[in-house]
Amino acid sequence: MRFSVNIPNFGDFADPRRVATLAAAAEDAGWDGLFVWDHVLHRRHQGRPFGDPWMLLTAAALATSRIRLGPLLTPVPRYRPQQLARQVATLDRLTGGRVIFGAGLGGPVEDEYRSFGDNAELPVLGERLDEGLELLGRFWSGEPVDHRGRHFEVRDTALLPATVQQPRPPVWIGGFWPRRPPMRRAARWDGAVPLFESARHGYVPELAEVRDLVAYVREHRAAAGAEGPFEFVLGGATPPDAAGARDVIGPLHDVGATWWDERQIQTGPDLDRLAPVLRRVEAGPPVI
């Protein structure tokens with residue numbers, strides 16, 4: 001099992017230098033990854049400074065040499081695919097192939113889309129997400145792309161350089177369980193990063209729900225004939241003692257979780273403060 005640290009792109013973590021400090025500490029302490037939120041606007045946290053996630057990840061990349069890095073998660077429908085493809089490919093080049101791309105609709109959709117006059121209808125966002133992901137995979141190959149879809153058009157264009165990781169960086173898909181469409185989408189890619197209606201960000205999900213989700217995704221992968229490794233990424237805030245953390249994560253690992261993503265509780269005071277997160281990171285990842 002692998003272990004990552006999850007931080008927002010606001011508050012103290014709007015500063016790339018602080019994110020670099022945390023990333024270096026995470027690598028030194030033995031964590032396997034650092035993941036950053038991708039928000040332009042989150043009204044619950046309005047009044048705080050926000051940083052661009054790609055600049056934050058660049059700072060983390062320059063401060064590290066081993067850990068995996070990426071957004072958790074990027075709202076693909078909010079971007080132009082060609083712009084996003086360039087950003088991810090550049091970061092993958094900079095890191096020597098350490099990027100993991102977390103993708104989804106993002107949210108809150110009223111904040112991220114409608115606040116700027118964008119379409120916030122979920123069916124439309126879902127279409128843009130699927131079409132955007134298809135284009136990203138093709139752009140990252142470095143081969144010419146010709147595409148005329150419902151939402152995007154590309155005329156015989158190759159974006160170079162290609163990503164270091166081929167055929168592409170791993171793509172993890174996020175969404176709320178027990179909503180089925182996001183997990184069906186995840187089954188077509190390389191990993192699932194579920195949040196749970198019953199256990200929001202920072203809270204540990206119920207074992208029975210995780211078991212159901214894993215079975216559902218595996219069923220859809222088998223039906224599609226999908227091959228290759230697949231990650232189930234779960235997260236929450238673990239207790240500081242090793243035995244307590246083991247009691248939380250061990251059963252989740254046993255039913256299929258392959259990554260544990262350490263997260264501050266979203267409504268807590270430490271969510272976007274460097275000092276308490278740094279203390280947790282320096283203590284090292286849980287041991288199971």
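A cavity here is a set of grid points where a 1.4 Å probe fits but cannot get out. With that in mind, let's work through some exercises on this predicted model.

**Exercise 1. How many cavities of 30 Å³ or more are there, and what volume does the largest cavity have?**

Solution.
- Start with the count, which comes to two cavities of 30 Å³ or more.
- Next, take the volume of the largest cavity, which is about 60 Å³.
- Now look at its walls: V5, N6, I7, W31, E262, R263, Q264, V277, R280 and V281 line this cavity.
- Place them on the fold. β1 (2–7), β11 (259–263) and α9 (274–282) each supply at least two residues of the lining.
- Finally, sort the lining by class: five residues are nonpolar, two polar and three charged.

**Exercise 2. Which residues line the second largest cavity, and which element gives the largest share of the lining?**

Solution.
- The second largest cavity has a volume of about 40 Å³.
- Around it you will find P194, L195, F196, A199, R200, Y203, P205, G235 and R263.
- Strand β9 gives the largest share, with three residues.
- By class, this lining has six nonpolar residues, one polar and two charged.
- Compare the two lists and you will meet R263 in both, as it lines the largest cavity and the second largest cavity.

**Exercise 3. Describe the largest pocket, working from its centre to the elements around it.**

Solution.
- Begin with the space: the largest pocket holds about 1100 Å³.
- Of the 34 residues that line it, those closest to the centre are G106, G107, P108, F176 and L195.
- L195 also belongs to the lining of the second largest cavity.
- Then go through the elements. At least two lining residues come from each of α4 (109–112), α5, β8 (171–177), α6 (180–187) and β9 (191–196).
- Among the contributors, α5 supplies the largest share, four residues.
- The class count is 16 nonpolar, eleven polar and seven charged.

**Exercise 4. What classes of residue line the second largest pocket?**

Solution.
- The volume of this pocket is about 180 Å³.
- Its lining consists of R2, R68, I100, P170, W172, D190, P229, F230, E231 and W259.
- Sorting these gives six nonpolar, no polar and four charged residues.

**Exercise 5. Which members of the largest nonpolar core touch the most other members?**

Solution.
- The core has 66 residues, and the ones touching the most other members are I7, L22, L34, F101 and L133.
- Helix α5 (residues 122–140) provides the largest share of the core, six residues.
- Zoom in on L133. Leaving aside neighbours within four places in sequence, L133 is in contact with V76, F101, A103, V171, I173, R185 and W189.
- Apart from the largest core lies another, of seven residues, including F35, L72, I100 and V193.
- I100 may look familiar, as it also lines the second largest pocket.

**Exercise 6. Why does the salt bridge between D38 and R78 tie together parts that are apart in sequence?**

Solution.
- First, the setting: the model has 21 salt bridges.
- In this one, the closest N and O atoms of D38 and R78 are 2.8 Å apart.
- Locate the partners. D38 lies in the loop between β2 (33–36) and α2 (53–62), and R78 in the loop between β4 (74–75) and α3 (81–95), so the pair links parts that are 40 residues apart in sequence.
- Check accessibility. D38 has a relative accessible area of 2%, and the cut-off for buried is under 20%, so D38 is buried.

**Exercise 7. Are R150 and R148 buried or exposed?**

Solution.
- R150 forms a salt bridge with E127, with closest N and O atoms 3.0 Å apart.
- R150 lies in the loop between β6 (145–148) and β7 (153–157) while E127 is in helix α5, so their pairing joins parts 23 residues apart in sequence.
- The cut-off for exposed is over 50%, so R150, at 68% relative accessibility, counts as exposed.
- Its partner E127, at 32%, is partly exposed.
- R148 pairs with D146, their closest N and O atoms being 2.7 Å apart.
- With a relative accessible area of 58%, R148 is exposed, whereas D146, at 39%, is partly exposed.
- To finish, salt bridges that share partners join D38, R78 and E112 into one network.

Definitions and conventions:
Residues are numbered from 1 along each chain as its sequence is written. This is a predicted model: local features need pLDDT of at least 70, side-chain atom pairs count only at pLDDT 80 or more; totals for chains, interfaces and linings use all residues. Side-chain values use heavy atoms; hydrogens and water are left out. A nonpolar core is a set of buried Ala, Val, Leu, Ile, Met, Phe, Trp, Tyr and Cys residues joined through side-chain atoms within 4.5 Å. Buried means under 20% relative accessible area, exposed over 50%, partly exposed in between (1.4 Å probe, protein chains only). Contact means heavy atoms within 4.5 Å. A salt bridge is a side-chain nitrogen of Lys or Arg within 4 Å of a carboxyl oxygen of Asp or Glu. On a 1 Å grid over the protein atoms alone, a cavity is a set of points where a 1.4 Å probe fits but cannot get out, and a pocket is an open set with protein on both sides within 12 Å along at least five of seven lines; lining residues have an atom within 4 Å of a point. Grid points are joined across faces, edges and corners, and a volume is the space filled by probe spheres set on the points. Ala, Val, Leu, Ile, Met, Phe, Trp, Tyr, Cys and Pro count as nonpolar, Asp, Glu, Lys and Arg as charged, and the others, Gly among them, as polar.
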